[in-house]
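Please walk me through this structure, starting with its domains and going on to its pockets, its cavities and a few individual residues.

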Amino acid sequence: MRMQTMLAHFGEETFHGAVVPPLFLNSIFTSNTFDEMKAPDTPYRYSRMGNPTTDMLEKKLAALDNGEAAKVFASGMAAISTTLLHFLKQGDHVICSYPIYGGTYAMLSGWMARFGVTCDFVDFRNLDNIRGAAKPNTRMLFTEGYSTMFMDVFDLRGAIEISKAHGWVSIIDNTCATPATLKPLDWGFDVVVHSLSKYLSGHSDVIGGVVVSSRDTIRKLTEIEVSLIGGSLPPFDAWLANRGIRTFGLRMKQQGESAMRVAALLAGHPQVERVNFPFLPGLGQHELAASQMSGPTGLLSFELRGGEPAVRRFVDALRWFKLGVSWGGFESLVYATAIGWQREQVAGTEYESRVDKLVRLSIGLEDAEDLLEDVEQALARI
Ligand SMILES: *Cc1c(COP(=O)(O)O)cnc(C)c1O
């Protein structure tokens with residue numbers, strides 16, 4: 001089964017021949033008898049722990065990442081924080097790449113310190129930085145497949161080799177790369193997490209997250225942390241995500257194609273200092289990106305020579321790109337780090353001077369010609 005066929009049919013149960021599976025909004029599932037209720041394999045009792053609608057989505061998401069099992073959560077952050085709390089205990093040390101998603105940074109840089117967990121954020125573009133950060137109490141390597149805002153890629157094979165040699169657990173947030181372009185479990189990562197709120201649902205109407213891993217890890221995570229922390233995805237959102245994900249492959253293809261054209265336009269413009277989109281030949285990290293990802297996504301950023309004033313004029317001049325946080329939906333969006341971003345993440349690094357110049361575009365499903373015209377006219381007005 002190829003990807004779009006799988007997304008159309010896999011994991012779905014049919015009732016009365018209905019093409020679209022029903023939505024089980026139940027909180028409670030009852031049993032007929034004492035013995036039936038007592039049986040350990042009773043599939044559903046209470047929706048915090050499991051629900052047929054969320055199950056169908058989980059089967060699909062596990063298959064999409066070539067994983068054995070998946071657990072869906074009420075947000076990407078619930079998936080990430082639950083995973084961190086599952087694997088880490090007092091005294092453990094984490095090595096994390098930067099720049100990283102803001103919530104992950106806040107969790108690992110400060111919040112987890114309350115429980116005695118420490119973290120070093122290092123530049124994964126040079127693997128020696130990972131080796132140099134190793135400590136006797138290091139327990140976890142955490143990274144992203146295609147990095148937040150600056151769109152870096154890292155040598156995943158090299159990073160996983162180091163992690164395995166030390167016996168660390170390796171976690172990758174693959175929200176930006178998506179399973180359409182990168183399947184980190186195939187590369188040897190132990191756990192992959194995604195926000196469902198971006199490309200996977202794709203319609204800007206769901207907040208959700210997922211953890212994909214071995215059957216054993218997902219079972220333990222569900223029995224312990226999902227049960228205790230309770231960040232389960234509500235069934236209605238699972239139903240919407242299952243509806244949105246049916247077109248995932250088509251959306252990624254279209255948005256990636258349009259992004260290639262927008263990136264090419266930007267790369268040739270005199271006001272643009274740098275384009276962060278490694279899928280375009282000739283741009284930074286192209287060979288590495290091409291060697292480990294199967295194609296582009298619709299997410300890119302670029303840096304304007306004129307700094308914040310130029311960024312402000314560009315953003316305000318756009319017509320089809322709406323100004324907003326997040327990305328990955330059917331609609332084109334723009335965001336600029338000068339509006340607000342965790343600068344402390346990159347203090348004292350080469351990234352610091354790039355924060356005021358950086359514009360991120362999430363390419364939507366509008367006609368590419370309209371998006372190109374929009375970018376062109378906004379560039380003309382900076
Ligand atoms: C959005 C995002 C998250 C958080 O997901 P939510 O669903 O918003 O909680 C985590 N990681 C990355 C890379 C993201 O882009």
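## Domains, pockets and selected residues

The domain assignment of the protein chain gives two parts, domain 1 (3-245) and domain 2 (248-380). The model is a predicted one. The C-alpha centres of domain 1 and domain 2 are 26 Å apart. Between the two, 42 residues of domain 1 are in contact with 44 residues of domain 2.

Met3, at the start of domain 1 (3-245), belongs to helix 1 (residues 3-9). Along the chain, Met3 and Leu64 are 61 residues apart, yet their C-alpha atoms are separated by 7.2 Å. Leaving aside residues up to four places away in sequence, Met3 touches Leu64, Ala180, Phe248 and Gly249. Met3 counts as partly exposed, because its relative accessibility is 27%, which falls between the 20% limit for buried and the 50% limit for exposed.

The pockets come next. The second largest pocket holds about 590 Å³ of space. It is lined by 32 residues, and the closest to its centre are Tyr101, Lys198, Val325, Ser326 and Trp327. Where does the second largest pocket lie with respect to domain 1 and domain 2? Both domains give residues to its lining, so the second largest pocket lies between them. At least two lining residues come from each of helix 4 (76-87), helix 5 (102-109), strand 6 (191-195) and strand 11 (333-336). Helix 4 has the largest share, with 3 residues. By class, the lining of the second largest pocket consists of 13 nonpolar, 13 polar and 6 charged residues.

Ser326, one of the residues closest to the centre of the second largest pocket, sits in the loop between strand 10 (322-323) and strand 11. Its phi is positive, at about 65 degrees, although Ser326 is not a glycine. Most residues other than glycine have a negative phi, and most peptide bonds are trans. Ser326 counts as partly exposed because its relative accessibility is 29%.

A peptide bond that is not trans is found between Tyr98 and Pro99: this bond is cis, with omega about -5 degrees. Pro99 is placed in the loop between strand 2 (93-97) and helix 5. Helix 5 is also among the elements that supply at least two residues to the lining of the second largest pocket.

The largest pocket has a volume of about 690 Å³. Its lining has 23 residues, of which Met49, Asp55, Glu58, Lys71 and Thr222 are the closest to its centre. Two or more residues of this lining come from each of helix 3 (52-64), strand 1 (69-73) and helix 9 (215-229). Helix 9 gives the most, with 5 residues. The lining of the largest pocket divides into 9 nonpolar, 4 polar and 10 charged residues.

Turning to enclosed space, the structure holds 3 cavities of 30 Å³ or more. The volume of the largest cavity is about 40 Å³. Its lining is made up of Ser47, Arg48, Met49, Gly50, Thr54, Glu58, Lys71, Val72, Ser232 and Leu233. Met49, Glu58 and Lys71 appear in this lining and are also among the residues closest to the centre of the largest pocket. Helix 3 and strand 1 each give at least two residues to the lining of the largest cavity, and each also gives two or more to that of the largest pocket. The cavity lining has 3 nonpolar, 4 polar and 3 charged residues.

The last stop is a pair of residues linked by a side-chain contact. Ser301 is part of strand 9 (residues 299-304). Is Ser301 buried or exposed? Ser301 is buried, because its relative accessible area is 0%. The side chain of Ser301 reaches the backbone oxygen of Met149 at 2.7 Å. Not counting residues up to four places away in sequence, Ser301 touches Met149, Phe150, Met151, Val275, Asn276, Leu358, Val359 and Arg360.

Met149, the partner in that contact, lies in the loop between strand 4 (138-144) and helix 7 (156-166). Met149 also counts as buried, because its relative accessibility is 6%. Its phi is near 70 degrees, a positive value in a residue other than glycine.

How values were computed
Residues numbered from 1 in each chain as written. Predicted model: local features only at pLDDT ≥ 70, side-chain atom pairs only at ≥ 80, totals over all residues. Heavy atoms only, no water. 1 Å grid on protein atoms, 1.4 Å probe; cavity = no way out; pocket = protein on both sides within 12 Å on 5 of 7 lines; lining within 4 Å. Points joined across faces, edges and corners; volume = space filled by probe spheres on them. Helix = DSSP H or I, 4+ residues; strand = E, 2+ residues; numbered from the N terminus. Nonpolar A, V, L, I, M, F, W, Y, C, P; charged D, E, K, R; others polar. Domains from an automatic or database assignment. Buried < 20%, exposed > 50% of the residue type's maximum accessible area, 1.4 Å probe, protein only. Polar contact = N/O pair within 3.5 Å; in protein donor to acceptor, adjacent residues only side chain to side chain. Contact = heavy atoms within 4.5 Å.
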